[in-house]
Amino acid sequence: MKTSKMKWLWENMKGYHVIYIIAIFGAILYNVLQITIPYVTQHLIDLFLSGKHAAENLATRRDLFFGLILAMVGLTFFRTFIVYLDCMAFEKVSQATLYKIRNYLYDKIQRQDMKFYSTYRTGDLMTRLTGDLDAVRHMIAWVVRSVVESLALASSTMIYFFFMNWKLALCMLIIAPLIFLIIVLFKNNVAPKHRLLREKLAVLNTAAQENISGNRVVKAFAREPYEIEKFNTCNKDYAQTNKETALTWLNYFPFVETLANLMPVVLLAVGGLFLIHDEISMGQYAAFSGLIWAVANPMRNLGNIMNEFQRFNAASAKVMELYYSEPEIVDAPDAIEITGRLQGKIEFRNVSFGYEDSDIPVLHNISFTANPGETIAIMGETGCGKTSLIHLIPRFYEPTEGEILIDDVDIRKYKKHELRKSIGLATQDVLLYSDTIDGNIAYGNASLSLEDVRKYAKYSAADDFISKMPEGYDTIVGERGVGLSGGQKQRISLARALAVKPSILILDDTTSAVDLETEKIIQNELNCLDFACTKLIIAQRISSTRNADKILVLQDGHIIEAGTHEELIARGGYYHDVVMLQTGEEGH
Ligand code: DUT
Ligand code: MG
């Protein structure tokens, strides 16, 4: 990755840099203020309790006595006030940054190619948008703050110690390099565990996501116990890894704790000697003793901080991968605008294509032309490449060879977004959104009036069944169209494709689940649409292909036959056989 993680984070905090820096200074300030109390206490003791002139001072310098006590109370209040403001500032900056990155990532995901979606598991993407981003937020709100706090507290205390008595301070500092060594060893040990933990979380999320969205298959095969067991295994695995990661610190903790606890011992031994030899005053000894936690606690806290830092490391690597991912299919720098409607002429010139993840080519040397307004039917056995062929037109994938022209212009020269807006596509697996039927049909054209929505529903022979539903067009269909039959879903998807008034209409097996009668109605309707469009129709039924201007028969990615219904029957090849099979007679 080009940018370092912290730099990336800093760049994304744009707009909040000043407030963040102020918050950091605030954290330094309220930690430095912590040592003022022992400082005042030291003076109180030396002046009024145990010093040589204590009794005398108490009698003559009462003002100072009360002044010092008031200062202690005042400083405590002041400190609380700063801590309060600081908490708000850290929270505000971290939430704002989280919001910004999450939006940016979502935008990125939306603009990705088809290939991206077949590479990343949904559960993994969801983990990046939720858990991983939270670790990133935690870095801004907690880790940085803890580091600053610990550093400010420990170093200001050490400075104070040095001022009081540098020899004693140095004795106490002798353990610092050891602590540092332990933390480095711990970091090296725990970093891979955090990466593993993050991977396990993605696996867990993927398992849950796939099962929830695939619940119907699970139920159909009565595989609930198996799926519950499978999830349980993932869950156990995740919990186990979590435990191991958390327990790693326990291997190092006793050493750190012992070292931290050594400090009071050093103070007692060395400080005691110094006190006897009058090297330090009683007040100074009290200050050392009262502040020793301010050096020991940050040491104890280091493990926690390092843990969170490694969690951030593992999570931010995943987030940044997404952040910097770029779609491969992009607009040419000089891409042309589509002004007005396209005519809808489609021409394939020697197009070959294969998916990147497999070596086997899917389409070979495909050439054909569809003139504006024509209907082209594509037929062929399952897996021969029909869907792959039509997915090349909206540039879901790029051909490996050859070119595709629309209105005699290479599709790579159009702006991708505009090209796609000119195409109405009803995909093979229908996906409807959890929205009203009205909303689903108007998906590509949100400004559509209900009247128009009905018009397109009539074209796709869907108006009847929609009107019969209790809430008509306002019926909410569930995720993936739960509550509708396969044929009903297909018809809504067809209406959705028509509703953008495309110049090119592509139907991928769109009437495969509707009965012959309804299919006929749809065909008639498609012949008298109130806008001109070229139609590419993938179909297995002769009833759908019969009236096409041209029929293409695909086999293993090659066009083996092309012509009209009559021409192909006369040819006596594959199409002829299919006709025979479906009608039981020759040519009718
Ligand atoms: N294929 C892939 N990756 C994909 C999609 C398909 O490798 O993401 C392969 C599977 C198949 C070939 O490409 O061997 C053609 O698939 P396509 O979906 O184009 O076939 P189809 O003609 O649309 O088949 P069906 O009638 O079953 O929809
Ligand atoms: Mg297909």
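The exercises below, each with a worked solution, concern a predicted model.

**Exercise 1. Which residues surround ligand 1, and how do they divide by class?**

Begin with the list of neighbours: ligand 1 is surrounded by Y355, V362, T382, G383, C384, G385, K386, T387, S388 and Q428. Next, sort this shell by class, which gives 3 nonpolar, 6 polar and 1 charged residues.

**Exercise 2. Find the distances from oxygen atoms of ligand 1 to N or O atoms in the side chains of T382, T387 and Q428, and then state how much of the ligand the protein buries.**

Take the side chains in turn. For T382, an N or O atom of the side chain is 2.5 Å from an oxygen atom of ligand 1. For T387, the corresponding distance between a side-chain N or O atom and an oxygen atom of the ligand is 2.6 Å. For Q428, an oxygen atom of ligand 1 lies 2.7 Å from an N or O atom of the side chain. Finally, turn to the surface: ligand 1 taken alone exposes 600 Å², and the protein buries 64% of that.

**Exercise 3. Which residues coordinate the magnesium ion (ligand 2), and where in the chain do they lie?**

The first step is to name the donor atoms: OG1 of T387 and OE1 of Q428 coordinate the magnesium ion, at 1.9 to 2.2 Å. The second step is to place these residues, for T387 belongs to helix α13, whereas Q428 sits in the loop between β6 (423–426) and β7 (435–436). The two are 41 residues apart, and the pair thus links distant parts of the chain. The third step is to judge their exposure, where a residue between 20% and 50% relative accessible area is called partly exposed. T387 is partly exposed because its relative accessible area is 22%, and Q428 is partly exposed because its value is 38%.

**Exercise 4. Is F48 buried or exposed, and which residues does F48 touch?**

First locate the residue: F48 is part of helix α3, which covers residues 36–49. Its relative accessible area is 4%, and therefore F48 is buried, since the cut-off for buried is under 20%. Leaving out residues up to four places away in sequence, F48 touches H43, A54, N57, L58, R61, L64, F65 and L68. One of these partners, F65, is 17 residues from F48 along the chain, and the C-alpha atoms of the two are separated by 7.7 Å.

**Exercise 5. Describe the phi angle, the location and the burial of R395 and of D509.**

Start from the general expectation that most residues other than glycine have a negative phi. R395 is not a glycine, yet its phi is positive, at about 60 degrees. D509, also not a glycine, has a positive phi of about 55 degrees. As to location, R395 lies in the loop between α13 and β4 (401–406), while D509 is placed in the loop between β9 (504–508) and α19 (516–527). As to burial, R395 is buried because its relative accessible area is 3%, and D509 counts as buried because its relative accessibility is 14%.

**Exercise 6. Where do H391 and D463 lie, and which residues do they touch?**

Work through one residue at a time. H391 lies in helix α13 (residues 386–391) and, at 14% relative accessibility, counts as buried. Apart from residues up to four places away in sequence, H391 touches F396 and Y397. D463 is found in helix α17 (residues 463–468), and at 8% relative accessibility D463 counts as buried. With neighbours within four places in sequence set aside, D463 is in contact with R454, A457, K458 and Y473.

Terms used: Residues are numbered from 1 along each chain as its sequence is written. Chains are lettered from A and ligands numbered from 1 in the order in which they are written. This is a predicted model: local features need pLDDT of at least 70, side-chain atom pairs count only at pLDDT 80 or more; totals for chains, interfaces and linings use all residues. Side-chain values use heavy atoms; hydrogens and water are left out. Helices (H or I, at least four residues) and strands (E, at least two) are DSSP runs, numbered from the N terminus. Buried means under 20% relative accessible area, exposed over 50%, partly exposed in between (1.4 Å probe, protein chains only). Contact means heavy atoms within 4.5 Å. A residue is near a molecule or strand if one of its heavy atoms lies within 4 Å of it. A polar contact is a pair of N or O atoms within 3.5 Å; within protein, one must be able to donate a hydrogen and the other to accept it, and residues adjacent in sequence count only if both atoms are side-chain atoms. Accessible areas come from the Shrake-Rupley method with a 1.4 Å probe; for residues, only the protein chains shown count as cover. Ala, Val, Leu, Ile, Met, Phe, Trp, Tyr, Cys and Pro count as nonpolar, Asp, Glu, Lys and Arg as charged, and the others, Gly among them, as polar. Donors are N, O and S atoms within 2.8 Å of the metal (3.2 Å for Na, K and Ca); water is not among the atoms, so sites may look incomplete.
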